[in-house]
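Thanks for making the time this morning. I would like to walk you through a few charged side chains and then one threonine, so please have the picture open as we go.

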Amino acid sequence: MSVNPSSKTRPDPLRDRAAAGDGSHDAPPDGSGPAQAIRLTGTSFAVLSLIDGLGPSSPYDLKQALEKSIENFWPVPHTTFYAEPARLARGGFLFEQQEASGRRRKLYSLTDAGRRALREWTRSPDVSPPQLHDEGVLKIFAGADPAPILRRRLEWHRAKLAELEGYLQGVEAAGGPEGVRSSLLVGTGYHRMIVEALDKALAGQAASGSS
């Protein structure tokens, strides 16, 4: 899922979070000076939500967590994701601290402004429309034989369903966060629905081909 540039003419709940009062003008907790006014995006909230769940984290920690969670429904380019914690720190939403010894990693934690912005965003029911970006559908539109493409898609969705079901079992066994469990229930339900739809589509194609 990605943000469509053409949506700039419509209300955008992600874009509007940079308005005054969401913490973008708060001073950093280290007292180094006024924070920069920055625009909060889906990537911003992905980082804030991961840190909210994990606690103080390095960009590498966040990337590892992203790949097993948020990236399943909100893909983010890795270069953009790595740069986002430092940007949020400049905006006063994260506190940046470097380890005194060892690998001297930079660790990021939520400031009050970051926690407040995340809570305000999650309380709002407004969401941008989902977008389909599927090369297989594009090939079918261009005249490709649908059957081989749909079979590949069916294999992928079955594998992804099994992967998410494994994550869900682990979260439930560990008594993990309800938000993570709920998102996995949505994800497994979605892929199960797609598997059923693709099964029906392929069966229909096979029946029409044999008639």
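Let me begin with a question: by about how much of a helical turn are E178 and R181 separated in helix α7? Before I answer, please keep in mind that this is a predicted model. E178 and R181 are 3 residues apart in helix α7, so about one helical turn separates them. Their side chains meet in a salt bridge, with 3.3 Å from N to O. Side chains of opposite charge can pair when their charged atoms come close. As for its surroundings, R181 is partly exposed, because its relative accessibility is 28%, which falls between the limits of 20% and 50%. This pair also has a further partner, since E172, E178 and R181 are linked together in a network of salt bridges.

Now let us move to helix α6, which covers residues 146–174. Here K160 and E163 form a salt bridge through their side chains, at 3.1 Å from N to O, and because these two residues are 3 apart in the helix, they too are separated by about one helical turn. If you look at how accessible the two partners are, you will find that K160 is buried, with a relative accessible area of 15%, whereas E163 counts as partly exposed at 29%.

The next pair involves two helices. The side chains of E165 and R192 meet in a salt bridge of 3.0 Å, again taken from N to O, and this pair links distant parts of the chain, because E165 belongs to helix α6 while R192 belongs to helix α7, residues 178–210, with their positions 27 residues apart in the numbering. Both partners are partly exposed, E165 with a relative accessible area of 29% and R192 with one of 35%. If you are wondering how many salt bridges the count comes to, the answer is 12.

Finally, I would like to turn to the threonine. Where does T111 lie? You can find T111 in the loop between strand β2, residues 106–110, and helix α4, residues 112–123. T111 is buried, because its relative accessible area is 8%, which is under the 20% limit. The side chain of T111 reaches the backbone oxygen of F93 at 3.1 Å, and a polar atom of that side chain also lies 3.1 Å from the backbone nitrogen of G114.

Methods: Residues numbered from 1 in each chain as written. Predicted model: local features only at pLDDT ≥ 70, side-chain atom pairs only at ≥ 80, totals over all residues. Heavy atoms only, no water. Salt bridge = Lys/Arg side-chain N within 4 Å of Asp/Glu carboxyl O. Helix = DSSP H or I, 4+ residues; strand = E, 2+ residues; numbered from the N terminus. Buried < 20%, exposed > 50% of the residue type's maximum accessible area, 1.4 Å probe, protein only. Polar contact = N/O pair within 3.5 Å; in protein donor to acceptor, adjacent residues only side chain to side chain.
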